[in-house]
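Trainee: Could you take me slowly through one small part of this protein? I would like to see how its pieces fit together.

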Amino acid sequence: MSVYGWLSSVRLKWAIFRSDGRLTVIALAGFVGLCSGLAAVVLNRMLHYLGEFTHGLHHHWWAFILPAIGATLSALFLNTILKERAGHGVPEVVYAVSRYGGLMRFRSSFSRLVSSCLTIGSGGSAGPEAPVVMSGAALGSNIAKYFSLRERQRVTLVGCGAAGAIGAIFNAPITGLVFTVEVILGEWRAFNVIPIAIASVAGTELSRLLQGNQIAFGHQQFSIGLLDIAASFGIVLFATLVSIGLGRMLKSMHHIAKSNRLPHWLRPAVGGMAVGVIGLYLPLVLGEGYGAIQDMIQGTFASGFAIVAIAVFAKMVATALTLGWGGSGGIFAPSLMVGSLLGVAYYRMLIWIVPAWTITGEGCFALLGMAGLVSGILQAPLTAIFLVVEITGSYEVILPLIIVSTLTSTFCYYIEPGSFYLRDLIEKGQYMRPGTDAKVLSDLSVRELVETDYLAVPGNMVLKEFIEVIKHSEKYLFPVEDHLDGRYLGMIYIDRIRPYLFDNQMHPVLVTEQMMETHVPHVKPDDELADVLNIMENTRLNILPVVDNGRFVGMLSKSLLLDHYRKELIVQTGI
Amino acid sequence: MALTINEVASRLNLPVETIHRWVRQGKIPMRRTSGTYTIRSEMLERWANEHKLEIQNQSDDGLSAQAKIPEFDSIYEAMKRGGVFYDLCAGDRDAALKAAVAHIPNLSQDERERVCEKLLERELLASTGIGHGIALPHPRSQPDIDLAMPQITTCFLSNAVPFDAVDGKPVRVMMVLLSHSTKQHLTMLSKLSFYLRDPDFRAHLLSQPSISEILSRIAAMESEGQPAGKSE
Amino acid sequence: MEERLLHVFRNTPLGRETLLQSIYFCKTLDISMQIYVPQATQFLMYFDHDAVQVDLDSSYLIAQDTAVSHATSLANERGLKPGFLTPKNFTASQLPDIPSNFNYMCCPRSISDLTSKIGLGYIGPKVRRIVKSSTFPVLLTSAAYKEWKSLTVFYGGSENANRALSWGLHLSRISGFPLDMFTFAEGHSEGYIDQQLDAAGLKNQVQDHVRHWFRQSGGKIEDHLNKVPHDALLVVGAFGHGLIKDFLFGSKMETIQTWMPNSILLVGPNCVFRGA
């Protein structure tokens, strides 16, 4: 091998190295993880202080007004000061990832932190996870923008932000990784899993450094027997019912809030006030509820069966009121809370019915209930499993855990296809995971696929002349345009005008306008390809004219579409 | 060698817009240098192999064989290439065809045999005698012959030969059409049969004119305008 | 495919002037027009590398019910058939996504702040970001409608200026209006401009096509701006340098837009020239 050959191979390797963004992304991933971890810690601290501050006020009779003030302030902050339209956070991230390659506004990186802090800190029943995920994702997106990365790397960094945030808030790195892959990205590939794992660890480490290695919910050891596994099937049943109930409740509350005539800024106050009133009798439901969850896992939760059972329902209502009426926050923590309440209630019911059963502690059932709700509402069974495994720090509970998670998410899927996060996106047709039909179709556009080498004929051309055109063309379709202003009029299908073609009598008599078909559906350059394919399916046409602003542009054929579809799919799912 | 987006698009046989989008989405590793995106051709090849995409080299192998077939030029040129031969002696149709094939220029011995076979095969299917003493023998499918351009060989028979023609008249003139591609063949056949619809021209042919007379007549007819331009 | 211009319409007298300017631009250059009548006070534009949220002031929502008919009648009077854009995707229910695959966009000098601020010397932050991230040139209109009869390209020799010049040449060919060129040798030798033109392969085109070449040097650029015809569309490359360089030396574009009342076509750093 000559020196030159060796040199050129080195150069090629160097070019490959330079063109490959993987190392850049890995390097940036750590940074993004730290940033989003910091965001999580900041929110956590703020909630902590605000919680301590308001705790002193909750015994006053007027305390019920607090959540109303908090929710109103948070809505004002989001909608009037930052002019960012509200949303739960996670759906927005998924939307940005699936449609715009993870492009997010910079203001999203802090807006939800402040607003959710106001909502939750004042007693609103919502979770801090979704806001933190949104902040982390927006930070990742903007860091990617700053380094002018491309969409694919940007999406990875968005995932890094989400992972770092979840990792930091639960002190559980694997949960961060799994949540991101399962809920945010929906794609498990080497080029994004590695950076996300790094970010998750970085976020978690930062949180440990700043808050100490205290897990959100302390470690617990359980010994699991056969009876526990049998009992876990019961949890599946209840978790499914409660998940569906909570989802429906949130949705209907949202509709009620939307359909009334109250001014926008007053709506969160209504919800907040109602939560405040519930909170007067059951202070348990206020806030994100980490403290109560902690107690339940440790088995030191004091209230009796009846209170717990009522609390399950009250927490659901409070969450629906807070979020449905425009408070800012997520659904993750409330579902953990509802889940653990459910688990405790179920355990106490079992003990009450069969006191002789030797089943493991209350905490275990609280965890199983949490797993059930998370996998039911978020339809993220893996996240649920890993969260509980990381909380308990051991694999003892894994068997009932898997049973509860997988079965609950499966049952919920039968009743409500699509998780709480993604339901709206699915309804709007914006739920696109990489490598799926919807994603490929949305990436391709009519503009890319239109074939413009079709010759348009004027509407006043006689058949005799038209036959000449046919002779010198290879096409069997001819668009007809108005001979004066060039408007598109219709299509001529050679195979449909055969009788005239061979009738010499008709040659000087017929004009193109008389032979054309005016009812051929046409598409616009901005139409979605999914709709175009639907039209093709319904009309059984394989090729449609593309018309822009009244002018003929070209034809769109199914065969070319399939050709490009395949290439797009290859490139999209490739390395 | 660095390739621009347009070059990449043509090599991958994709629209430029798609490549632009892929660059934006980071699906293809193109680098931005002084305002334009480029990629080295080795990199493109490597990338395309990874993704199992076809690459066309910039030479026009991709422009399949079809593009190489030249347009049919004119009857005049084809007749000039095929030549005109007088006083062929033959007792029957097969002998006449064999005699004609023996005269056709630009063919090797092998090709002559194949052409003859094909012509006879075609006659068995249906006679190529178009009436008025004229026949247009041609093979049913294009024999494997090495002809760059189609040609028409005109043969005058010394005595009329029965040919099962449409009008039953024996044939005095045979015009053998040979070409390499079906498209050229059909164009040539349709043009020639159009000219032969003219009774004057038929009479002229039957009078066994000299080579120069036939060619000048054809040239005159072709310069009058495209035969397709007229309508019957 | 036809070229398209995006116009965000506001149904006020100022909005009318802007629309008339857009209509004139479209008519002259044979471009079709897409009008967006805002239904909410903000919209999002997703560009290749940036998501820009534009917060409109409330004057964009004035007299919404007559906006479409008003815009249509203004355009029809001048023989243009506008298309109206209805957003398909929403980032949030009140936050529509406006596509960014246009060939031009028309902006007032400020799109988000109050009308009172609009005047010379002020480009709103959102317009800045649109120019920075868009793949199309942005038309900044003059406050009152004025037809332009020629084009003037400001050329400084940078990468972006080359692109602006290409657009200028392209537009002048389409419109049939003459093209002038304004160069200001600032801190460079006299030959610098010619070298840069040569390097960009534009020299021949400039020699063939440019009517007047205002070669200026000495003093400040403001001293020479009177040379530019009053009825010219200015074509200027914008934000070609980094932030620091702009900060230290000031941007030529900013000076020009501060001093010139003409309509300006800003060619941003991400513009893709796909003309002939």
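**A small sheet in chain A**

Mentor: Happily! In chain A, strand β1 (residues 457-458) runs parallel to strand β2 (residues 477-481), and the two are paired over two bridges. Keep in mind that this is a predicted model. To find the pairing by eye, look for Val457(A), which has Val480(A) of β2(A) opposite it. Between these two strands the chain passes through helix α21 (residues 463-471) of chain A, making a right-handed β-α-β crossover.

Now follow β2(A) onward. Its pairing with strand β3 (residues 488-493) of chain A is antiparallel and spans five bridges. Here a good landmark is Pro479(A), which stands opposite Met491(A) in β3(A). Together β2(A) and β3(A) make a hairpin, with six residues between the strands. In that turn, Gly486(A) has a positive phi of about 75 degrees. So β2(A) is a shared partner: β1(A) pairs with it in the parallel sense, and β3(A) in the antiparallel sense. While you are looking at strands, here is a handy rule: in a regular strand, side chains alternate between the two faces of the sheet.

Before you leave chain A, step back and see what else it takes part in. It meets chain C, where 18 residues are in contact with 20 residues of chain A. On the chain C side, the elements giving two or more residues are β3 (42-46), β4 (51-55) and β6 (89-92) of chain C. That side comprises five nonpolar, nine polar and four charged residues.

Definitions and conventions
Residues numbered from 1 in each chain as written. Chains lettered and ligands numbered in written order. Predicted model: local features only at pLDDT ≥ 70, side-chain atom pairs only at ≥ 80, totals over all residues. Pairing = 2+ DSSP bridges. Helix = DSSP H or I, 4+ residues; strand = E, 2+ residues; numbered from the N terminus. Right-handed = clockwise from strand over helix to strand, strands pointing away. Contact = placed C-beta atoms within 7 Å. Nonpolar A, V, L, I, M, F, W, Y, C, P; charged D, E, K, R; others polar.
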